[in-house]
Amino acid sequence: MNRADEKKALFEFLLYFVAVLGVTFLIIHFVGQRTVVSGSSMEPTLYDGDNLIVDKISYRFNEPERFDIIVFPYEDGTYYIKRIIGMPGETVRIDEEGSIFINGERLSESYGKEVIDNPGCAGHEIILGEDEYFVLGDNRNNSMDSRDERVGLLHREELIGKALIRIYPFDKMGMLDDRQGT
């Protein structure tokens, strides 16, 4: 191989390497993200150590829906995983028996691990703005979520994406069915 062929081969390799890095960057930042569950706030749906793929592109074209499992930033590079319960423009309240009410009607859902002991700020009716969401963890008595002022209501632009697939542990691998149990 002569010197010109070596330079051409090196240039082609570098071009290929840059293209692979570019595509990887685009996928990670705009299409999907691997997220690891830390803690028990989403049990029994998701467990500590579960590895998920978060779909970051669908919310660019579609609106989030009630019961979607979403990922959003909290603080210091921490991401939270919770379930959407209240949608923009709705009112949310949790009564003293732990029932969730949306627009004055009891919400029919079976995600909660147990009866809610502490309604937090949702003990009084909360009116969601046009781009606000109310989220809860499935482990309702062990979750820092919209009931806590430190998390509060989420704005549309804060939603990183929808948890779509569990990739680990392997015996639980598969699509997350956010409509199960309703």
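Hi everyone. Let's start with a pair of strands: β11 and strand β12, residues 174-175, run antiparallel to each other and share two bridges. One thing to keep in mind as we look around is that this is a predicted model.

Staying with that pair, β11 and β12 make a hairpin, and five residues lie between them. If you want to find a contact on screen, look for Ile 165, whose bridge partner in β12 is Met 175.

Now, β11 has other neighbours. Strand β2, residues 51-55, pairs with β11, residues 161-168, in the antiparallel sense, and this pairing has five bridges. Asp 55 is the residue to click on here, and you will see Lys 162 of β11 opposite. Strand β3, residues 69-73, is also antiparallel to β11, with two bridges. There, Val 71 faces Gly 161 of β11.

Next, let's turn to the rings. How many aromatic pairs does a search of the whole structure find? The search gives four. One of them joins Phe 67 and Tyr 111, with 5.1 Å from centre to centre and 50 degrees between the planes, a tilted pair. This pair connects distant parts of the chain, 44 residues apart: Phe 67 belongs to the loop between α2 (58-61) and β3, while Tyr 111 belongs to the loop between β7 (105-106) and β8 (126-127). Are these two buried or exposed? Both Phe 67 and Tyr 111 are buried.

Here is another pair, Phe 72 and Tyr 80. Their ring centres are 5.9 Å apart and their planes meet at 75 degrees, so we call the pair edge-to-face. Phe 72 has a relative accessible area of 1%, so it is buried. Tyr 80 comes out at 16%, and therefore counts as buried too. Add Tyr 74, and ring pairs link Phe 72, Tyr 74 and Tyr 80 into a cluster.

Tyr 80 has a charged visitor as well: the charged end of Lys 82 sits over its ring, 5.0 Å from the centre. Elsewhere, Arg 93 places its charged end over the ring of Phe 101, at 4.9 Å from the centre.

Last stop, the start of the chain. Asn 2 lies in the segment before α1 (3-31). Its relative accessible area is 44%, so Asn 2 is partly exposed. From the C-alpha atom of Asn 2 to that of Cys 121 is 74 Å, and the two residues are 119 residues apart along the chain.

Thanks for listening, and do try finding these on screen yourself!

Terms used:
Residues numbered from 1 in each chain as written. Predicted model: local features only at pLDDT ≥ 70, side-chain atom pairs only at ≥ 80, totals over all residues. Heavy atoms only, no water. Pairing = 2+ DSSP bridges. Helix = DSSP H or I, 4+ residues; strand = E, 2+ residues; numbered from the N terminus. Buried < 20%, exposed > 50% of the residue type's maximum accessible area, 1.4 Å probe, protein only. Phe/Tyr/Trp six-rings, centres within 6.5 Å; stacked < 30°, edge-to-face > 60°. Lys NZ or Arg CZ within 6 Å of the ring centre and 35° of its normal.
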